[in-house]
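Subject: The structure you asked for

Hi,

Here is the structure to load into your viewer. My notes on it follow below.

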Amino acid sequence: MLDRNDAGDRAKAVPGYALPAIVVAAILTGIFAIDRQSYWMDELGTWQYAGVTGIGAWFRGFLAIGNSDGQLPLYHFLIFLWSRVAGLSEEGLRSLNALFLVGSVVAVAVNRALPGALRLRWLALLIANCFVWAYLNEARPYVMLLAGSLCLTLALAEAYARRAAPGRVAMGGVVTLFFTGALLSFGASPISAPFIAAMAIGILGAAGTTAWPGIARIGRLRLLWCAICVLAAVIIAALVLYSLSKGATPELRNSTSIATTLFGVLEVIGGGGYVPGRDTLRTLGVHALQPWQWAALGVLALAWAAATLSALLGRQRGLAAILIAIIAFSMLCAVIAGYAIGFRVVGRHFAFAVPPLALLMAIGCASAGRHVRGATLAALALLLGSTALFRLDGEHLKDDTGGIAAIVKDAQAHDRRTWWVGGYIVPLYFQLPTRDFRDDGAPRMAAWKAGEGEDWKASLDRLPVPDTLIVERPEVNDPEGMFARYAQRSGLTRKRELRGYVAYQRPR
């Protein structure tokens, strides 16, 4: 519980330029984090749904989605609207994430529930996190989920702070933040539902019984906004249920595991830059980690453990305990859902945990007594080191869809027969002509690919031998090495490996 000393902290707060500076830092983070790397597979789905010509076409297209994107109606609607302003380029669609980040930072900067110095630490630790940088550069809903989680966490902090206030407690700000955060979180991903429920319980528990009169007396405008949020959530829930009822599910071939869960935890605590790239990890597993990476991850884990312990022993131990309970419960629910439904839970599905974890570390650093400055700087250094490695190490770049498209276009320009083993979305984005096995009307040099109901194994030996063979995600589309063996016996001896792809070519 906040006490009189916290009022003193507020009075001293931080210099007037500090919080505006952190807002500028958030803007710069968005500018530097978002680039023109090729869309990866899931982002291409976002591009496809956003690229329709009108709202009617968008709605019809959304209802026809046959995968888990059908469970993200609010995000896809917002990105559709945003694309009318920013365009459909990689930078254009991803730039919506910067808007979510800056809006979230402003919300914390103007809120006075927490001492200014604590808010400054919270925002600095959040902006430095490698997870935030990674998903800013992705046209997917995870920064939106971060923004919703931050609003919910801020509502919890404000409710906890107001508990110590004398007399009747005004709860308008708490209620507005809660409903805004719940709408953003649920609209970004239904997997956040347990987190929202836990936050609601935590807020009510933190505020105590004295807050109920304050909730009952919120103004009409706030009440109207809450009603709008509830109505929007009902519509979203109906669309999600419709999507599930017609079989639109997540990717079920890659089920969750202890390994993917642990890697997800490393991501949310900011350790993404201290591990090898995705392809290396998939190939070698835990053996891919170098000694220095083990050491860096160990130090980072110890820093989080020390901050958590410090928070539980400090003045705000009540708030810290609530945060820990909510984080643990929500992440456990996500893992259980992964095992129950059969989809792979990874770091992005834990995005809701990043803001409360950052606040927990900020509380721990603030509770470190005379070592507070050193603790905060050490935590920032660890997070920034991971972020720098993630951004600069080529292993963490996105799948090289642009590079593989260039190989196909070059082969087609030289009348070299091509096979495309993979999905339809990359050829669609890069306008690569393709033909199904039985499509006689396609251009002669269009890349052969399996259409609906067609099987490569049944058609392998009757198709004309290619000059170029592209395998997208070989660990998924060629786990037994069938195409690799076929390429070898067919004389495709030039093997080119790109991120996410392998190309077998006949020497010219």
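Helices here are DSSP runs of H or I with at least four residues, and strands are E runs of at least two, numbered from the N terminus. Counted that way, the protein has 24 helices and six strands. Bear in mind that this is a predicted model.

First, the overall picture. The C-alpha atoms fit a box of roughly 80 × 55 × 40 Å along the principal axes. The radius of gyration is 25 Å, which agrees with the value near 23 Å that a compact globule of 508 residues would have. Buried residues account for 52% of the 508. Of the contacts with a separation of 6 or more, 76% are between residues 24 or more positions apart.

Now the inside. The largest nonpolar core holds 129 residues, and Trp 122, Leu 156 and Trp 420 have the most contacts inside it. Helix α9 (residues 142-162) gives this core its largest share, 15 residues. Another core, of 16 residues, lies apart from it, and includes Trp 419, Val 421, Leu 460 and Met 482. If you want one residue to click on, try Trp 420: leaving out residues up to four places away in sequence, its contacts include Ile 404, Val 408, Pro 427, Trp 448, Trp 456 and Tyr 501.

That last residue leads to strand β6 (residues 501-505), where five of the five residues are buried. Both faces are covered, with Tyr 501, Ala 503 and Gln 505 on one side and Val 502 and Tyr 504 on the other. What does β6 pair with? Strand β4 (residues 468-472) pairs with β6 in the antiparallel sense over five bridges, and Val 471 has Val 502 as its bridge partner. Strand β5 (residues 494-498) also runs antiparallel to β6, joined by five bridges, and there Leu 498 is partnered with Tyr 501. The β5-β6 hairpin has two residues between its strands, and Gly 500 takes a positive phi near 90 degrees.

Finally, helix α2 (residues 18-33). Its 16 residues reach 22 Å from first C-alpha to last, close to the 22 Å expected at 1.5 Å a residue. Which of its residues are buried? They are Ala 18, Leu 19, Ile 22, Val 23, Ala 26, Thr 29, Gly 30 and Ala 33. These cover an arc of only 155 degrees around the axis, so they sit on the same side of α2. On the other side, Ile 31 and Phe 32 are exposed.

Cheers

Notes. Residues are numbered from 1 along each chain as its sequence is written. This is a predicted model: local features need pLDDT of at least 70, side-chain atom pairs count only at pLDDT 80 or more; totals for chains, interfaces and linings use all residues. Side-chain values use heavy atoms; hydrogens and water are left out. The expected span of a helix is 1.5 Å times one less than its number of residues. Buried means under 20% relative accessible area, exposed over 50%, partly exposed in between (1.4 Å probe, protein chains only). The arc is that of the directions from the helix axis to the C-beta atoms. A nonpolar core is a set of buried Ala, Val, Leu, Ile, Met, Phe, Trp, Tyr and Cys residues joined through side-chain atoms within 4.5 Å. Contact means heavy atoms within 4.5 Å. Two strands pair if DSSP finds at least two bridges between them. The radius of gyration is taken over C-alpha atoms; the globule rule is 2.2 Å times the number of residues to the power 0.38.
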